[in-house]
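Got the viewer open? Here's a short tour, one selection at a time.

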Amino acid sequence: MAHDHAADTAHHDDHHGEPAKGIKRWLFATNHKDIGTMYLVFSLTMFFIGGAMAMIIRAELFKPGLQLVDPAFFNQMTTMHALVMIFGAVMPSFVGLANWMIPLQVGAPDMALPRMNNFSFWILPFAFTILLSTLFIPGGAPAGGWTMYPPLFLQGGNYVALAIFAVHLMGASSIMGAINVIVTIMNMRAPGMNLLKMPLFCWSWLITAYLLIAVMPVLAGAVTMLLTDHYFGTSFFNAAGGGDPVMFEHVFWFFGHPEVYIMILPAFGIISEILPTFSRKPLFGATSMIYAIASIAFLSFIVWGHHMFVDGMPLAAQVFFMMSTMLIAVPTGVKVFNWTATMWKGSLSFEPPMLFALSFLFLFTIGGFSGVMLAIVPVDFQYNQTYFVVAHFHYVLVPGAVFAIMAAVYYWLPKWTGNMYSMGLAKTHFWLSTIFVNVLFFPQHFLGLAGMPRRIPDYAVQFSDWNMVSSIGGFGFGLSQILFLVVIVQCARGGKKASAEVWDGAAPTGLEWTIPSPAPYHSFAVAPEIK
Amino acid sequence: MRFNRARAEHDNSRPRGFSGAAALSLASCAALALSGTAAANTSNGYNLPIGVTDLSQAMYGLHMEVFWICVAIAVVVFGVMIYSLVTFRQSKGAIPDTTMVHSTKVEIIWTVIPVLILVVMAVPAADLILKQEDTRNSELSIRVTGYQWKWQYQYMNAGEGVDFFSTLKQDSNFARQLGSGIDPKTVPNYLLDVDKPLVIPSGTKVRLLLTSMDVIHAWWVPDFGAKRSAIPGYVNELWFKVDPGKEGIYRGQCAALCGRDHGFMPVVVDVRTPDDFKKWVEDQKAASKQAGAPAPAVPADPPTSARVIN
């Protein structure tokens with residue numbers, strides 16, 4: 001069945017030939033590689049826009065007192081930084097990687113639904129134009145935090161409608177991307193590639209796609225209720241009208257917690273590809289790695305309450321959410337142990353993708369430890385809403401998700417462009433990023449424990465020193481990312497030609513290394529045979 | 001210092017090269033922190049405050065217990081990782097053992113051991129939750145209402161009739177304006193001082209009933225281990241009992257993003273001996289009688305004007 005379908009599509013594609021010229025190639029793109037490239041370029045752009053907002057935040061927090069921005073604008077920055085980074089940088093970059101790599105890894109000629117693929121990408125620039133345009137309208141951008149809690153979010157002006165419409169568009173885009181991934185993986189695997197032979201990156205994306213389909217509609221429902229509360233006089237979340245502000249939090253976090261794993265599971269997949277390659281040894285416990293991802297995905301649906309312990313919750317619910325949250329540490333631990341076992345008795349070399357993967361392994365684990373601490377309800381009452389939480393989720397998202405994305409780019413970039421990039425520059429980028437990310441976020445643990453709330457533009461003087469250190473780390477980290485751009489642009493323009501296997505000395509496995517570099521515009525027109 | 005050493009140790013267990021720069025920066029950070037200004041609370045500037053209530057001390061104890069467990073796990077896990085990085089290098093001629101791909105036995109071991117460790121953490125935690133939630137037998141109840149951006153305190157029981165607002169102090173308010181030109185370091189308790197603090201007796205079980213008249217706020221005093229959201233339409237409960245002999249001023253802040261001036265609505269609590277507290281209540285009542293005015297009433301609506309009060 002899968003075979004026939006793949007063959008049909010291949011036959012169909014033969015008629016296309018070369019890519020279209022000029023803007024049409026991109027506007028009407030149906031080729032998974034073109035769409036993947038657009039996703040990746042888009043997310044890199046958003047990474048710099050969101051990063052610029054972070055620079056404003058860290059500049060204002062450089063020392064106590066307000067020097068640069070009004071508190072209202074500061075709140076817009078924290079809110080928009082989160083929305084842009086989550087929905088604009090991290091999620092689309094994973095979809096871009098999925099577009100590029102899933103067909104290559106399962107031996108399919110393209111994604112299963114190429115026109116929907118085009119649509120799901122082209123929604124995004126419009127969604128973010130709408131969202132970012134709120135910075136220039138009277139009343140400004142959303143300033144109530146990316147969690148959009150009512151009643152605060154509803155105190156806003158015109159941004160309410162625009163931000164909600166943008167979130168709806170992003171959700172639609174994500175759902176379409178997810179459907180495409182599932183249909184591709186389920187129907188277009190090369191003959192002989194059963195699910196358990198499938199690369200871990202595809203596995204992690206398959207599970208992530210189900211999470212997306214499950215929770216993006218929940219977010220859409222939550223923000224639609226906000227919309228009707230604001231414009232049509234309903235009282236879903238308005239206590240004075242019999243509504244319930246805490247219900248929003250429940251609905252939001254039922255989306256929000258799986259969302260957290262949507263941003264990390266594909267990263268797990270990427271790390272599971274890179275560590276074996278540069279350890280020259282197969283992934284240890286591949287099957288249990290898949291079970292671990294599935295367990296984490298399941299658990300993500302029953303832990304949402306841990307975001308709201310201080311909002312008041314029945315005793316039994318507090319204990320339940322504490323236990324379920326702590327349980328997540330078990331499959332996550334299994335993953336870390338399996339990665340470690342993969343390196344054990346291997347033969348390690350330290351190319352840029354491996355360096356980023358190793359940095360992920362150590363720093364994500366630190367984020368995991370603070371996660372276990374945050375799960376402990378009685379102490380969470382002290383940690384909640386402080387910089388300790390900020391440190392925690394930035395450790396899992398920046399040296400976690402973002403480093404995994406960078407590792408993936410450095411791993412597959414030669415396959416995409418056909419050129420090797422500058423190893424020296426990439427390693428410099430790695431060292432600067434790893435050093436500064438710790439200078440940036442490690443002191444935030446101390447700030448939070450010492451009592452500094454998050455989302456404040458100004459602080460008491462006893463928090464001055466750590467904030468200054470953190471800001472210096474922030475500027476350093478931000479500037480280092482320019483190197484990332486330089487490496488990518490240089491590599492796209494030319495360089496030493498990469499071989500089909502790219503990492504000749506290492507042991508890359510997977511179908512993507514069997515085709516030439518750069519990957520031809522149409523690949524696997526004839527499905528490969530898997531033994 | 002104990003905590004700081006732990007952090008450094010935590011950090012040193014990263015692979016070589018990572019740790020050099022990171023440890024250096026941490027060392028300089030630690031030096032900076034030590035030279036910093038005195039903290040307004042019992043935190044040493046980089047760890048949770050031990051605090052002045054049973055609950056805050058129990059929280060601190062649990063925090064440190066979990067922290068040390070994490071450090072122990074980190075030493076083992078990072079230790080194995082670093083050992084692998086150092087030993088199994090291609091440049092040292094390491095030959096990969098490609099037959100080592102699976103072991104059900106070790107998978108079971110590293111699933112069961114974490115479960116046991118989590119149980120060790122969860123049992124005392126569940127115990128402490130029970131204690132935190134037990135608001136029975138309180139001796140003094142105070143209704144706390146959040147507004148953008150101030151707190152209202154209405155006393156019940158022994159303080160019946162005492163009712164006032166608590167707002168950021170003037171000197172902090174002037175200094176915090178954009179481009180005020182005032183150095184925050186010259187303002188005593190910058191951003192952590194109010195015109196009129198909450199006054200409570202020591203050695204007394206105090207219960208707060210929290211609600212809000214506009215958006216979600218959160219009342220937090222780290223030294224009491226007391227944080228709870230104030231939500232419109234809800235009454236949340238919270239209790240603490242400050243140890244006798246620990247009378248003094250304790251400071252905290254609103255801990256839930258509540259709009260433009262979220263960073264500027266501190267919580268200040270003045271803990272007095274029960275006798276001094278009784279005297280204070282009498283003074284308050286006498287003062288409001290003298291003024292001939294009843295205590296400020298709760299506004300019927302969330303005042304829209306509150307949004308521009310600075």
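How many residues of domain 1 of chain A are in contact with domain 2 of chain A? Bear in mind that this is a predicted model. To find out, colour chain A by domain: residues 1-255 are domain 1 and residues 264-521 are domain 2. Across the boundary, 44 residues of domain 1 touch 45 residues of domain 2. The C-alpha centres of these two domains of chain A sit 19 Å apart.

**Stop 1: the domain 1 side**

Stay with domain 1 of chain A and pick out the elements that give two or more residues to the side touching domain 2: α3 (32-60), α4, α7 (200-231) and α8 of chain A. The most comes from α4(A), with 11 residues. By class, this side of domain 1 has 27 nonpolar, 11 polar and six charged residues.

**Stop 2: α4 against α6**

Keep α4 (residues 71-106) of chain A selected and add α6 (residues 159-187) of chain A; their axes are 11 Å apart and the packing angle is about 20°. That angle is under 35 degrees, so α4(A) and α6(A) are roughly parallel to each other. Their crossing is left-handed. Show side chains on α4(A) for A:F87, A:M91, A:V95, A:A98, A:I102, A:P103 and A:V106, then on α6(A) for A:M170, A:S174, A:G177, A:V181, A:T184 and A:I185. This contact has 10 nonpolar residues, three polar and no charged ones.

**Stop 3: α5 against α6**

Now swap α4(A) for α5 (residues 114-133) of chain A. The axes of α5(A) and α6(A) come within 8 Å and cross at roughly 160°, so these two helices are roughly antiparallel to each other. This crossing is left-handed. Residues to click on α5(A) include A:F119, A:I123, A:F126 and A:I130, and those on α6(A) include A:F165, A:L169, A:A172 and A:M176. Also among the α6(A) residues in this contact are A:M170 and A:G177, both of which you met in the contact with α4(A). By class, the contact of α5(A) with α6(A) has 16 nonpolar, six polar and no charged residues.

**Stop 4: out to chain B**

Finally, bring chain B into view. Which element gives the largest share of the side of chain A that touches chain B? Chain A puts 84 residues into the contact and chain B 90. Elements giving two or more residues on the chain A side include α4, α8 (245-262), α12 (352-375) and α16 (464-493). The largest share, 14 residues, comes from α11(A), so select residues 315-343 to see that helix. Coloured by class, the chain A side shows 51 nonpolar, 24 polar and nine charged residues.

Technical notes:
Residues are numbered from 1 along each chain as its sequence is written. Chains are lettered from A and ligands numbered from 1 in the order in which they are written. This is a predicted model: local features need pLDDT of at least 70, side-chain atom pairs count only at pLDDT 80 or more; totals for chains, interfaces and linings use all residues. Axes are lines fitted to C-alpha atoms, for helices over the stretch in contact, and angles run from 0 to 180 degrees between N-to-C directions. Helices (H or I, at least four residues) and strands (E, at least two) are DSSP runs, numbered from the N terminus. Angles under 35 degrees count as roughly parallel, over 145 as roughly antiparallel, 65 to 115 as roughly perpendicular and the rest as oblique. A crossing is left-handed if the near helix is turned anticlockwise from the far one by less than a right angle, and right-handed if clockwise. Two residues are in contact if their C-beta atoms, placed from the backbone, lie within 7 Å. Ala, Val, Leu, Ile, Met, Phe, Trp, Tyr, Cys and Pro count as nonpolar, Asp, Glu, Lys and Arg as charged, and the others, Gly among them, as polar. Domain bounds come from an automatic or database domain assignment.
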